[in-house]
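Dear colleague,

I am handing over the structure we spoke about, with the sequence alongside. Please look through it before reading my notes underneath.

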Amino acid sequence: MTTHYTSRAIADMDKVQRLKLINAVTGIKPANLIGSLSADAISNVAIFSSVVHLGSNPPLLGFIMRPTADVPRHTYNNIMENGYYTINHIHPAFAKNAHYTSAKFDREVSEFERCGLTEEYIEGFSAPFVKESGFKMGMRFCEAIDIPLNGTVLIIGEIQHLLLPTKVAQADDVNLEITESVGISGLNTYYEFTKMARYPYARVDEVPSFE
Ligand SMILES: Cc1cc2nc3c(=O)[nH]c(=O)nc-3n(C[C@H](O)[C@H](O)[C@H](O)COP(=O)(O)O)c2cc1C
């Protein structure tokens, strides 16, 4: 049996039901903590599931920031003030801590402290990494693109530092089972990954017969 929602049915849904369903329709999203520092040196860390690859040369990543007009967005303000931020994979050991960074804490409160995470700095880079994370990136802010359709903003940054387990860096693919990175469905549910298959680059003359 299949349930079919039309655009009308989606528009008529209860706000929370729609939010939960539409946040989940893309399938698994990456689970990352974004670390940042305000101009007055207050650290901040918050969970984001919208990080996306934009290109590898230069190495660019984007993420979607919810509308900044009415609700204070500390990550956004810090990135605009400081120009640097970090993106840190989430692992099962601290997924619960990571989840609770989404609470709307006051600006003076560091989610690192309140959510039991440890900030870590590397020489010459002014944004906090998450010490508990084994796979993390130091980012330089490049561009913010407003999306007038719904008031969100695409934040684009370039990878300046990439820190990951050596055994993963030496292999010819990034095995997320080994890195123990987790994924998110919707806004509340976390998944661990099992590697299922690996296929070669798809060349037209090498496509197997599926008959
Ligand atoms: C699983 C999950 C994923 C989230 N992903 C995003 C996201 O991609 N973009 C966003 O703007 N907020 C996202 N949020 C909400 C932020 O975590 C939340 O607004 C947080 O308070 C931001 O903190 P800040 O004000 O310290 O930046 C997500 C929340 C959860 C629970």
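The notes below go from the chain as a whole to its strands, its core and the surroundings of the ligand.

Please keep in mind throughout that this is a predicted model. The protein chain holds 7 helices and 12 strands. Its radius of gyration is 19 Å, close to the 17 Å that the globule rule gives for 211 residues, so the chain is as compact as a globular protein of that length. Along the principal axes, the C-alpha trace of the protein chain spans about 65 × 50 × 30 Å. Of the 211 residues, 24% count as buried, and among contacts between residues at least 6 apart in sequence, 62% join residues at least 24 apart.

Strand β6 (84-89) is a good place to begin, since 6 of its 6 residues are buried and the strand is therefore largely enclosed by the rest of the structure. In a regular strand the side chains alternate between the two faces of the sheet. In β6 both faces are covered, with Tyr 84, Thr 86 and Asn 88 buried on one side and Tyr 85, Ile 87 and His 89 buried on the other. β6 runs antiparallel to β2, to which 4 bridges join it, and in that pairing Gly 35 stands opposite Thr 86. β6 is also joined to β9 by 5 bridges, again in an antiparallel arrangement, where the bridge partner of Tyr 84 is Arg 140 of β9.

Strand β4 (residues 52-56) is hardly covered, and the count of buried residues among its 5 residues is 0. β4 forms a hairpin with β5, with 2 residues between the two strands. These strands run antiparallel and are joined by 4 bridges, and His 53 has Leu 61 in β5 as its bridge partner.

A separate point concerns an open sheet of 3 strands, which has the order β1-β11-β12 with antiparallel pairing. β1 (29-30) and β12 (189-192) stand at the edges, each with a single partner strand, so one side of each is left without a neighbour in the sheet. Strand β11 (residues 182-185) is joined to β12 by 4 bridges, and Ser 185 stands opposite Thr 189 in β12.

Turning to the interior, the largest nonpolar core has 29 residues, of which Leu 33, Ile 34 and Val 45 touch the most other members. The elements that each supply at least two residues of this core include β2 (32-37), β3, β5, α3 and β6, and the largest share, 4 residues, comes from β3. Leaving aside residues up to four places away in sequence, Val 45 touches Leu 33, Ile 34, Gly 35, Thr 101, Glu 111, Phe 112, Leu 117 and Val 130.

Which residues come nearest to the ligand? Of the 18 residues around the ligand, they are Ala 46, Ser 50, His 74, Thr 75 and Ser 102. The elements that give two or more residues to this shell are β3 (43-48), β5 (59-65) and α3 (74-82), and β3 gives the most, with 4 residues. By class, the shell is made up of 8 nonpolar, 7 polar and 3 charged residues. Strand β3 thus deserves attention on two counts, as it gives the most residues to the shell around the ligand and the largest share of the nonpolar core.

With best regards

Conventions:
Residues are numbered from 1 along each chain as its sequence is written. This is a predicted model: local features need pLDDT of at least 70, side-chain atom pairs count only at pLDDT 80 or more; totals for chains, interfaces and linings use all residues. A residue is near a molecule or strand if its C-beta atom, placed from the backbone, lies within 6 Å of it. Ala, Val, Leu, Ile, Met, Phe, Trp, Tyr, Cys and Pro count as nonpolar, Asp, Glu, Lys and Arg as charged, and the others, Gly among them, as polar. The radius of gyration is taken over C-alpha atoms; the globule rule is 2.2 Å times the number of residues to the power 0.38. A residue is buried if 20 or more other C-beta atoms lie within 10 Å of its own, exposed if 12 or fewer, and partly exposed in between; C-beta atoms are placed from the backbone. Two residues are in contact if their C-beta atoms, placed from the backbone, lie within 7 Å. Two strands pair if DSSP finds at least two bridges between them. A nonpolar core is a set of buried Ala, Val, Leu, Ile, Met, Phe, Trp, Tyr and Cys residues joined through C-beta atoms within 7 Å.
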